[in-house]
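Biologist: Hello! I am new to this structure, so could you walk me through it?

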Amino acid sequence: MIEKLIVGLTGGIGSGKSAASEAFEGLGVRVIDTDKISHLLTRINSDCLKIIADTFGSNILEKGQLNRVKLREIIFADDAARKKLESILHPRIRQKVEEALSDTNGPYTIVVVPLLVEKEPYEFINRVLVVDCDEKTQINRVKKRNNLSESEVRDILRTQATRKNRLAVANDIIQNCGSISALLEQVHLLHEKYIRISSELNDAKNRGNTSK
Ligand code: ADP
C-alpha cells in the first residue's frame, strides 16, 4: 500500500521544472531536487568529483571545479562514458534522495527528476507530474538561459523523451506555455489536490490499522 504521497516532477529541459518547484516551495512544500543534489555531490574537493576525475581524466577539471560543459560533451559523444558517469552518480543521488525523504513530514513531497520518464529511477514515486510546454517555447527559453544555439538545444532535446512519451505517463500536467501567473495558478490547484490525496491515503492507512 502507498504510505506517503511522493510526487515526481519532471519535464524536458526549459519546460519550467525549476519555476514550478520554486512555486511549490513557496507554498511550504518540501522539494527534493536531484539536479541540485548532483551539483552538490560534484562540488569542488568532493569524493564524488575525485572519482569522476579519476575516471574521465583531470582535464574535466578547471581550477579544481567540474567543467560541466566538457563532461557533457564527453558523455554526449560516448554512450559507454555516459553509463559510467551514471553508475557513479545515480546510486549516490538515490541515497541522498532517500535520506531527504526520511526527513520529511509534510502532507506530500516533490522529487524533481529531469529524466524520470527515460530512466524510471525511483519506484517510491507514486504520482508523476509533468511540466509541459511546446518545443518552440522550450528551445527559446534554453537558448536564452544557457546562451546556446538552436542546434545545441535540439541536440539536448534528442537525448530526452519526446513530449508525447512524457505526457503518456503523466498523472498530472502543468501547462507552462503561458505566463508565470498561469503557472502559479496551476501549482495552487495541484497543491490542494495533493493535500486531498494525501489525506485520503492517511484515512485509508488508519482504517487499515484499526481493522487489524
Ligand atoms: P527547467 O528547470 O525545466 O530547465 P526552468 O524552470 O529553469 O526550466 O525555466 C527555463 C527558463 O524559462 C528560465 O529562465 C525560467 O525563468 C523561464 N521560464 C519558466 N517558465 C516561464 C514562464 N511561464 N514564463 C516565462 N519564462 C519562464
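Modeller: Happily; here are some questions and answers about the ligand and a pair of helices.

Biologist: How many residues surround the ligand, and which are the closest?
Modeller: Keep in mind that this is a predicted model. In it, 14 residues surround the ligand. The closest are G14, K17, S18, R145 and N176.

Biologist: How far is an oxygen atom of the ligand from an N or O atom in the side chain of K17?
Modeller: Pairs of N or O atoms within 3.5 Å count as polar contacts. The backbone offers two such pairs to look at beside it: a backbone N or O atom of S15 is 3.3 Å from a ligand oxygen, and one of A19 is 2.9 Å from a ligand oxygen. For the side chain of K17, the distance is 2.8 Å.

Biologist: How much of the ligand does the protein bury?
Modeller: Start with the ligand taken alone, which exposes 550 Å². Of that area, the protein buries 73%.

Biologist: Which element gives the most to the shell around the ligand?
Modeller: Two elements give two or more residues each, namely α1 (17–26) and α7 (135–146). The shell as a whole divides into three nonpolar, eight polar and three charged residues. With three residues, the element that gives the most is α1.

Biologist: How are α2 and α5 oriented to each other?
Modeller: The axes of helix α2 (residues 34–41) and helix α5 (residues 79–101) come within 10 Å and cross at roughly 115°. The crossing of α2 past α5 is right-handed. Angles of 65 to 115 degrees count as roughly perpendicular. The two helices, α2 and α5, are therefore roughly perpendicular.

Conventions:
Residues numbered from 1 in each chain as written. Predicted model: local features only at pLDDT ≥ 70, side-chain atom pairs only at ≥ 80, totals over all residues. Heavy atoms only, no water. Near = heavy atom within 4 Å. Polar contact = N/O pair within 3.5 Å; in protein donor to acceptor, adjacent residues only side chain to side chain. Areas by Shrake-Rupley, 256 points an atom, 1.4 Å probe, with all protein chains shown as cover. Helix = DSSP H or I, 4+ residues; strand = E, 2+ residues; numbered from the N terminus. Nonpolar A, V, L, I, M, F, W, Y, C, P; charged D, E, K, R; others polar. Axes fitted to C-alpha atoms, helices over the stretch in contact; angles between N-to-C directions. Parallel < 35°, antiparallel > 145°, perpendicular 65-115°, else oblique. Left-handed = near helix turned anticlockwise from the far one by under 90°.
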